[in-house]
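Thanks for making time for this; I would like to walk through one structure with you. Please have the sequence and the coordinates open while I talk.

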Amino acid sequence: MKSLLAVTAALLMLGATSTAHAKGCIKGAVVGGVAGHYAGHHGVLGAAAGCLYGGHHAKEQEKQRQQQGQVNGQGKL
């Protein structure tokens, strides 16, 4: 469990450039770590993969929200 937290913290420091990415990384790392642990004791690998996927997914959702806001006339200035 300690190594999972260490890897998650390291990935957050290296790759978190926005809050959406950080939130996605944390959620993905937790889910991936648990899944990896139960799928052959590969929790660290699962956490790393989950962080990458979760961050990517969060960035895509944020991009879609921004595009919808611009279409609706609510774009940021």
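Isoleucine 26 lies in helix H2, and I start from this residue in what is, I should say at once, a predicted model. Because its relative accessibility is 40%, and partly exposed covers the range between 20% and 50%, isoleucine 26 counts as partly exposed. It also belongs to a nonpolar patch on the surface, which is formed by Ile26, Val30, Val34 and Tyr38 and has about 420 Å² of accessible area together.

Let me stay with helix H2 for a moment, which spans residues 19-38. Threonine 19 is found in this helix, and with a relative accessibility of 62%, over the 50% cut-off, threonine 19 counts as exposed. If you follow the chain 39 residues along from there to alanine 58, you will find that the C-alpha atoms of threonine 19 and alanine 58 are separated by 9.2 Å.

A second pair can be described in a similar way, namely lysine 59 and glycine 24, which are 35 residues apart in sequence and 8.1 Å apart in space, taken C-alpha to C-alpha. Lysine 59 is found in helix H3, and at 45% relative accessibility lysine 59 counts as partly exposed.

Now to the covalent link: which cysteines does the disulfide join? The structure holds one disulfide, and this disulfide joins cysteine 25 to cysteine 51, with an S to S distance of 1.7 Å. The pair links distant parts of the chain, with cysteine 25 in helix H2 and cysteine 51 in helix H3, which covers residues 43-71, and the two cysteines are 26 residues apart. For those of you who look at torsions, the value about the S-S bond is -90°, and the link of cysteine 25 and cysteine 51 is left-handed. Are these two cysteines buried or exposed? Both cysteine 25 and cysteine 51 are buried.

Between the two helices just mentioned there is a backbone detail to point out. Histidine 41 is found in the loop between H2 and H3, and histidine 41 has a positive phi of about 60° although it is not a glycine. With a relative accessibility of 66%, histidine 41 counts as exposed.

Let me step back to the chain as a whole. The secondary structure of the protein chain comes to three helices and zero strands, so that, read along the sequence, the pattern is α-α-α. The chain has 77 residues, and buried residues make up 27% of them. Its accessible surface comes to about 5700 Å², of which 63% belongs to carbon and sulfur atoms. As for the contacts with a separation of 6 or more, residues 24 or more positions apart account for 50% of these in the protein chain.

Finally, a word on confidence. The mean pLDDT of the protein chain is 79, and 71% of its residues reach 70 or more. Where in the chain is the mean pLDDT lowest, and where is it highest, among the elements? Helix H1, residues 2-15, has the lowest mean pLDDT, at 65, whereas H3 has the highest, at 88. Where pLDDT is low, the predicted coordinates should not be read in detail.

Conventions: Residues are numbered from 1 along each chain as its sequence is written. This is a predicted model: local features need pLDDT of at least 70, side-chain atom pairs count only at pLDDT 80 or more; totals for chains, interfaces and linings use all residues. Side-chain values use heavy atoms; hydrogens and water are left out. Helices (H or I, at least four residues) and strands (E, at least two) are DSSP runs, numbered from the N terminus. Buried means under 20% relative accessible area, exposed over 50%, partly exposed in between (1.4 Å probe, protein chains only). Contact means heavy atoms within 4.5 Å. Accessible areas come from the Shrake-Rupley method with a 1.4 Å probe; for residues, only the protein chains shown count as cover. Patches are made of residues with over 30% relative accessible area and no salt bridge: like charges are joined within 9 Å, nonpolar side chains (Val, Leu, Ile, Met, Phe, Trp, Tyr) within 5 Å. A salt bridge is a side-chain nitrogen of Lys or Arg within 4 Å of a carboxyl oxygen of Asp or Glu. A disulfide is a pair of cysteine sulfur atoms within 2.5 Å. pLDDT is the predictor's confidence in each residue, from 0 to 100.
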